[in-house]
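Hello,

Here is the structure I promised to pass on. Please open it alongside this message. My notes follow below.

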Amino acid sequence: MRNIGYSKVVKLVLYICIALASIGGIYSLYGLARMPREKNYYSSYGYEYELISKAGYVRDWIVRYVDDKIFEKEGVTAENIKRYRNADKTVASDEQALAGIIADRRDYFEMIQDELVRRNVNVEYVAIDKANEKVITNSPLYTGKNLDTVIEDFLKSPTLIIGDGENIKRSIQEERIGNVAYTNYYQGNGVKNKDNYAVYVRTQDSLQPGDYFYEQATSFEKATVNKDLIYVWGIISFVIGLLDLMGWIKVVGQKEEGGAVHVTFFDKIPFEIQAVGSIFTIGIWFAMVVEWISHMTDIGWVPYMGGTTFRAEELVLWVLIISGVSFALLVLSSVIKHIKNNSLSQYIFVWRLGKWIKNDVINEKTLPFAAAGMIVGYIFIENLLLSGIKYSWGLLRLFSWLMFLSFNGLMLMILVKLVVDYVKLSRGVEALSKGNLKPEVKLTYSLPVMNRTASAINHIGEGLETAVEQSVKSERLKTELITNVSHDLKTPLTSIISYIDLLKEEEIDNKAATEYIGILDERSNRLKQLVEDLVEASKAATGNVKAEVVPMRLDQLVIQAVGEYTDRLEASQLEVVCSKVEEVNVLVDGRHMWRVIENLLSNVCKYAMPCTRVYIDVLKGEHVGCIVIKNISKEPLAIDPSELTERFVRGETARSSEGSGLGLAIATSLAQVQNGTLTLDIDGDLFKAIVEVPQATHVE
């Protein structure tokens, strides 16, 4: 019992209901298409057009045919004959043209009589030739002397048309005379002295059977009465059709709830082929339905369509509608089955093609060619759709417009998506440059090449974070090792130095032993200095050195340091030249700044070429105080300046001097602690050190 809803009987009932609802809907749409939109018959275009035509006949009667001379030879001018012969080249003579003109005039006048006299039932008119005091009218009120009374009565009519000898000056759409758009009675030459003529035309208040006006008014009233029925018919058909369609969607392709989805051979046809076939099939079907309905004089079962019972011709219409609905359901069922079966991507060939191109074709190497191909394809499809719009008509043109707008909308969405993904990648790279090692760039439904780039950015961050952590860990371990080793060396080294001092106080006659003790004293003091430098460098590298900056005269500090190093500089045969020493107030820690200058001067004493000059300048920059020390190296400086500020690195590779390779590294760290910088520059054998520290406004 649970699967009755999925039985063939239920599906057949749903199909029949959908077909009947479609028939009702098409009937209602056709009825609405023919339904009048005006509020009443007298405001309809058909009524006004017919009444204006009657007014045109009245105008011609009063302007041209009120005088019987128009049917005689004297009423035909030479210009009339010339124009007639020019219009009809078969006329051989003026006499033949004259006879033809008079015959045509008589025929047209007979038509005027038919329209205004013999077959006229509901139109009243008054036409006046003011110059010749002639009147044409069929008004029952007119007795020959009461023309003003007749015109006054006409002006009260809501259906009145007023005109002169050439134009209509008031139609039924106007509420009063004046301020109206002038309309010609006919397409032809005007008339001289048009204001000499007046035309008044109206229909009776109560239309009588026997002419066009009565027939159309009756049809209009019938349509107005049945308009609501057509709306109700259409709404009921729509609701029933929608409910049945929802039921069809639920049960199609399955024999039980949650059961397997059964596909047919038609369902395996790619969606694109089905869609193209549907477009042409529905287009032909629509044209056939419209053509068949237009040839039917009335349609049964539909108000205002003229019939009240089912007619044999409607059987063909039913067959057409049911065949179209069946084909549409067949295509829709294929889509629904694939959605239920989760095989929609396999059903749409373009989807499969795009997936193959996305995953297997587009990569870093083929991306330029793929982009060029996409541009060419876009131009081709765009021109194809534009050609479809230009050279198609009706439903095909509407479909071409829909495809054109949909295609360009899709291209716009893809372009926006690519731009958004590019911005995300750019922001990820920017975040990495600013030190954010976890930018987390996430892209969805993007090109594989962009997905790989996003993954690479994320992994770069992870790799950098790992490298930084390892570097910090290694640096910390190195610093801890240096600190621990330095601490462990201090105790025995202190003992060694103490015992050496004791030996130096002893009286030893052995000259060699005394010399050895001197060497031990020198080497032990050098080792002590190295241990102290190691501890200092370790503190500076780990940030354990604090600076208490105060305002200070940098020039005085440099002069004092040079004075204390005079003996060592002279011992190294170096001449100090202070060519430019400016008064500069800076914010520094005096102890740390002294060590920076001391290390630089010590470096000069160790590595400068003897018998050369050392240039020391103190300059005042825009916001900094600057120390510049230049000397000539006694050994070739085959090294990058940045490497000299690393620990245990010296400019000379022979390692023959007493330097530890820590002086410049310590000086650099101490300068940074004071918010300053130490920059080294090498030009051949010229070595230059530049120290910059912040200026102070005053000195305490």
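α15 and α17 sit oblique to each other, because an angle counts as oblique when it is neither under 35 degrees, nor over 145, nor from 65 to 115, and theirs is about 45°. Bear in mind that this is a predicted model. The axes of the two helices are 10 Å apart. The crossing of α15 past α17 is right-handed.

Which residues make the contact? From α15 come L554, L557, V558, Q560, A561, V562 and E564. From α17 come M593, W594, I597 and L601. By type, the contact of α15 with α17 has 9 nonpolar residues, 1 polar and 1 charged.

Now the core. The largest nonpolar core has 39 residues. L554 and M593 have the most contacts inside it. Several elements each supply at least two residues of this core, including α15 (554-564), α17 (590-607) and α18 (663-673). Strands do so too, among them β9 (585-588), β10 (612-620) and β11 (624-632). The element that gives the most is α17, with 7 residues.

What does M593 touch, leaving out residues up to four places away in sequence? Its partners are L554, L557, V588, I627, Q674, V691 and V693. L554 and L557 also belong to the α15 side of the helix contact.

Another core lies apart from this one. That core has 29 residues, including Y47, I52, V58 and I168.

Best wishes

Methods:
Residues numbered from 1 in each chain as written. Predicted model: local features only at pLDDT ≥ 70, side-chain atom pairs only at ≥ 80, totals over all residues. Heavy atoms only, no water. Core = buried A, V, L, I, M, F, W, Y, C linked by side-chain atoms within 4.5 Å. Buried < 20%, exposed > 50% of the residue type's maximum accessible area, 1.4 Å probe, protein only. Helix = DSSP H or I, 4+ residues; strand = E, 2+ residues; numbered from the N terminus. Contact = heavy atoms within 4.5 Å. Axes fitted to C-alpha atoms, helices over the stretch in contact; angles between N-to-C directions. Left-handed = near helix turned anticlockwise from the far one by under 90°. Nonpolar A, V, L, I, M, F, W, Y, C, P; charged D, E, K, R; others polar.
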